Amino acid sequence: MSEETIDMNRIPASVAIIMDGNGRWAKRRHFPRIAGHKRGMNVVEEITTEASDLGVKVLTLYAFSTENWKRPEGEVSYIMSLPSTFFNKFIPKLIKNNVRVETIGDITKLPAKTREAVDNAIEDTRNCTGMILNFALNYGSRLEILNATKNIASKVKNGTLNINDIDEDIFSNNLETSGLPDPDLLIRTSGEERISNFLLWQIAYSELVFVDKMWPEYHAEDFKQTIIDFQNRHRRFGGLVNK
Ligand code: V07
């Protein structure tokens, strides 16, 4: 039997989201693409607050991929202004909600002002002990896996690691998500059903949920519904609960 209410005892601890559809949402309304990204940023705050209220422990958001540099320069530079806008608008509320900001991806390649805003968000939420809001910025999973491989290889080469001791835990601990739980649930908005180089190793056992709504129109109620869908899947998968 599928349920229509959230089971607060079975909230996914770790949720990852590919926030897709901002440009398409704008285009449909004859707005410039950047209007979609601006809306998308406001949705980040809304979903973050909802996830934190529900008791999610880690929320990982794909904000900017290593591929996104190929977009028009004006669009990239607008996107790069969002961490600073987000910081000014929302960080006090995140602190009040005890949310800690972290990042994965190579933030050293971001414009200095963007990096500053991100560093400030990390610094100002350092002592928060609630949900981790993990932004993937200039992130690509294959590159992350290559870097983990190089790290491990260099430890073998310098004699601090035995080749036979390389196992899944060692590998996980050399990824940028080291110490964070793998996603229980991966959500992609906008109807696309691809992973697009996001957390390839980490989603080995995740439930994948693809939703048709575009990111700017995905709200707290939609997020709750996605979690209900996730819980209903688990009920079937477990095979015990409904027997
Ligand atoms: C970005 C808004 C969400 C939709 C997808 C792309 C555009 C929030 C941040 C952010 C990142 C770090 C931080 C504070 C806020 C962000 C980028 C793009 C690059 F410390 N939204 N958002 N960063 N978009």
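This is a short tour of a single protein chain, going from the overall fold to a handful of residues to click on. Keep in mind throughout that the model is predicted.

**The whole chain**

Start with a cartoon view. You should find eight helices and six strands. If you trace the chain along its sequence, the elements come in the pattern β-α-α-β-α-α-β-α-β-α-α-β-β-α. The radius of gyration is 19 Å, and the globule rule gives 18 Å for 243 residues, so the chain is as compact as a globular protein of that length. Turn the model around and you can see its extent: the C-alpha trace spans about 60 × 55 × 35 Å along its principal axes.

Now switch on a surface. The accessible surface comes to about 13,000 Å², and carbon and sulfur atoms hold 51% of that. As for what sits underneath, 46% of the 243 residues count as buried. Much of the contact network joins distant parts of the sequence: among contacts with a separation of 6 or more, 77% are between residues 24 or more positions apart.

Try colouring by charge next. There are 31 positive and 33 negative side chains, and the centres of the two sets lie 5 Å apart.

**Stop 1: before the first strand**

Select Ile-6, which is in the segment before S1. Which residues does Ile-6 touch, once its neighbours within four places in sequence are left aside? The list is Ile-11, Leu-54, Lys-224, Ile-227, Ile-228 and Gln-231. Then draw a distance from Ile-6 to Phe-210: they are 204 residues apart in sequence, and their C-alpha atoms are 19 Å apart in space.

**Stop 2: strand S1**

Move along to Ser-14, in strand S1, which covers residues 14-18. Buried or exposed, which is Ser-14? Its relative accessible area is 1%, so Ser-14 is buried. Show its side chain and look for Pro-181: the backbone oxygen of Pro-181 lies 3.1 Å from a polar atom of the Ser-14 side chain. Pro-181 has company here. Apart from neighbours within four places in sequence, Ser-14 is in contact with Val-58, Pro-181, Asp-182, Pro-183, Asp-184 and Leu-185.

**Stop 3: a loop with a positive phi**

Select Asn-98 in the loop between helix H4 (82-96) and strand S3 (100-104). Check the backbone angle here: phi of Asn-98 is near 65°, a positive value in a residue other than glycine. With a relative accessibility of 28%, Asn-98 counts as partly exposed.

**Stop 4: helix H5**

Go to Ala-117, in helix H5, residues 112-124. Relative accessibility is 6% for Ala-117, which therefore counts as buried. What is packed against Ala-117, leaving aside neighbours within four places in sequence? Its contacts are Pro-83, Ser-84 and Phe-87. For another distance, pick Gly-36: Ala-117 and Gly-36 are 81 residues apart in sequence and 21 Å apart from C-alpha to C-alpha.

**Stop 5: strand S4**

Asn-138 is in strand S4, residues 132-139. Phi of Asn-138 is near 50°, again a positive value in a residue other than glycine. Asn-138 counts as buried, at 7% relative accessibility.

**Stop 6: the loop between H6 and H7**

Finish in the loop between helix H6 (141-157) and helix H7 (168-173), where you can select Asp-165. Asp-165 is partly exposed, with a relative accessible area of 44%. Draw a line from Asp-165 to Asn-127: these residues are 38 apart along the chain, and 35 Å separates their C-alpha atoms.

Asp-167 lies in the loop between H6 and H7 as well. Asp-167 is partly exposed, at a relative accessible area of 40%. Where does the Asp-167 side chain have a polar atom 3.2 Å from a backbone nitrogen? Look at Asp-169, whose backbone nitrogen lies at that distance from the Asp-167 side chain. For one last distance, connect Asp-167 to Ile-34: they are 133 residues apart along the chain, and their C-alpha atoms are separated by 43 Å.

Key: Residues numbered from 1 in each chain as written. Predicted model: local features only at pLDDT ≥ 70, side-chain atom pairs only at ≥ 80, totals over all residues. Heavy atoms only, no water. Helix = DSSP H or I, 4+ residues; strand = E, 2+ residues; numbered from the N terminus. Rg over C-alpha atoms; globule rule 2.2 N^0.38 Å. Buried < 20%, exposed > 50% of the residue type's maximum accessible area, 1.4 Å probe, protein only. Contact = heavy atoms within 4.5 Å. Areas by Shrake-Rupley, 256 points an atom, 1.4 Å probe, with all protein chains shown as cover. Lys, Arg positive; Asp, Glu negative; His and termini not counted. Charge placed at Lys NZ, Arg CZ, Asp CG, Glu CD. Polar contact = N/O pair within 3.5 Å; in protein donor to acceptor, adjacent residues only side chain to side chain.
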